[in-house]
Structure formats: structure tokens, C-alpha cells
Amino acid sequence: MKQLTKDELDELDRLWDELAQLPTYAGPPMTHDQMIEASVDALLAGIISSAGRMSRGGLAECEAVLSEGGQSSALQSILDRIAAVLGLGGISKA
């Protein structure tokens, strides 16, 4: 079990807001980036709603989704920053 600090949780909340501002965010996912955005949105919702408690399986799932990478530099920047908050160093595009 990993427990995020308040600062880490606050940063994930800010990144979640930033994710929602991406131009590709609205509508059903049709592109690679939209599918990654939808997956990351669901993961962040789970992390934030559980007050930052994450199981090893949850961390592995986050790592798998984040490693898919974003095709746009804006999405990739958000993914890299989420990986840093979660302590998942070495995430790179698959």
C-alpha cells in the first residue's frame, strides 16, 4: 500500500484539472491520446477519491497506462509529471 502525501495529492488534483483542459478531452475516445486521457482520468479519479491510498496493483496499472505515452507534447508532459508524483521514474513512451 502506498499513501500519497497531501502535497502529492494536491499536485495530482491540479494535473487532473490540467488534463481536463486539453482540447482532445471532450467526447468519446477515438484517438490514442483520447484513450490515454480517458484511462488517466479514471485512474486519477480513483486515487483522489481514495484520499491517495494506492495498492501495488493500482501502482502497476498506473505505470502501464502512463508508459503508453501521449502523442501530443502537452499530454506527455502531464503523464511525466503524474509519474513523478507517483514515484514511477523511468516512464517512457512504449
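The following is an exchange between a trainee and a mentor about a predicted model.

Trainee: Which residues of α1 are buried?

Mentor: Helix α1 covers residues 6-20, and its 15 residues reach 21 Å from the first C-alpha to the last, close to the 21 Å expected at 1.5 Å a residue. Seen down the helix axis, the buried residues fall within an arc of 120 degrees, so they line one face of α1. They are L9, L12, L15 and L19.

Trainee: Which exposed residues does α1 carry on the face turned away from its buried side?

Mentor: The buried side has cover that includes α2 (32-49) and α4 (73-86). The face turned away from that side carries the exposed residues K6 and D7.

Trainee: Which residues of α2 are buried?

Mentor: Helix α2 has 18 residues and reaches 26 Å between its end C-alpha atoms, close to the 26 Å expected at 1.5 Å a residue. What covers its buried residues includes α1, β2, α3 and α4. The buried residues are D33, Q34, I36, E37, V40, L43, L44 and I47.

Trainee: Is D33 buried or exposed?

Mentor: D33 is found in helix α2. Not counting residues up to four places away in sequence, D33 touches G70, Q71, S72 and L75. Its relative accessible area is 8%, and the cut-off for burial is under 20%, so D33 is buried.

Trainee: What span should the 12 residues of α3 have at 1.5 Å a residue?

Mentor: The expected span is 1.5 Å times one less than the number of residues. The end C-alpha atoms of α3 are 16 Å apart, which agrees with the expected span of 16 Å.

Trainee: Which residues are buried in α3?

Mentor: The buried residues of α3 pack against β1 (2-3), α2, β2 (53-54) and α4. The buried residues in α3 are L59, C62, V65 and L66. Seen down the axis, they fall within an arc of 130 degrees, so one face of the helix is lined by L59, C62, V65 and L66.

Trainee: How far apart in space are M54 and Q3, C-alpha to C-alpha?

Mentor: M54 lies in strand β2 and is buried, with a relative accessible area of 4%. Leaving aside neighbours within four places in sequence, M54 is in contact with M1, K2, L4, I47, L59, C62 and L86. M54 and Q3 are 51 residues apart in sequence, while their C-alpha separation in space is 6.4 Å.

Trainee: Which helix gives the largest share of the lining of the largest cavity?

Mentor: The count comes to one cavity of 30 Å³ or more, and about 40 Å³ of space lies in the largest cavity. At least two lining residues are supplied by each of α2, α3 (56-67) and α4. The largest share, four residues, comes from α2.

Trainee: How many nonpolar residues does the lining of the largest cavity have?

Mentor: The lining consists of V40, L43, L44, I47, C62, L66, I82 and L86. By class, no polar and no charged residues are in the lining, and the nonpolar ones number eight.

Trainee: Which residue just after α3 takes a positive phi?

Mentor: Helix α2 is followed by A51, whose phi is positive, near 60 degrees. Just after α3, a positive phi of about 70 degrees is taken by G69.

Conventions
Residues are numbered from 1 along each chain as its sequence is written. This is a predicted model: local features need pLDDT of at least 70, side-chain atom pairs count only at pLDDT 80 or more; totals for chains, interfaces and linings use all residues. Side-chain values use heavy atoms; hydrogens and water are left out. Buried means under 20% relative accessible area, exposed over 50%, partly exposed in between (1.4 Å probe, protein chains only). The arc is that of the directions from the helix axis to the C-beta atoms. Contact means heavy atoms within 4.5 Å. On a 1 Å grid over the protein atoms alone, a cavity is a set of points where a 1.4 Å probe fits but cannot get out, and a pocket is an open set with protein on both sides within 12 Å along at least five of seven lines; lining residues have an atom within 4 Å of a point. Grid points are joined across faces, edges and corners, and a volume is the space filled by probe spheres set on the points. Ala, Val, Leu, Ile, Met, Phe, Trp, Tyr, Cys and Pro count as nonpolar, Asp, Glu, Lys and Arg as charged, and the others, Gly among them, as polar.
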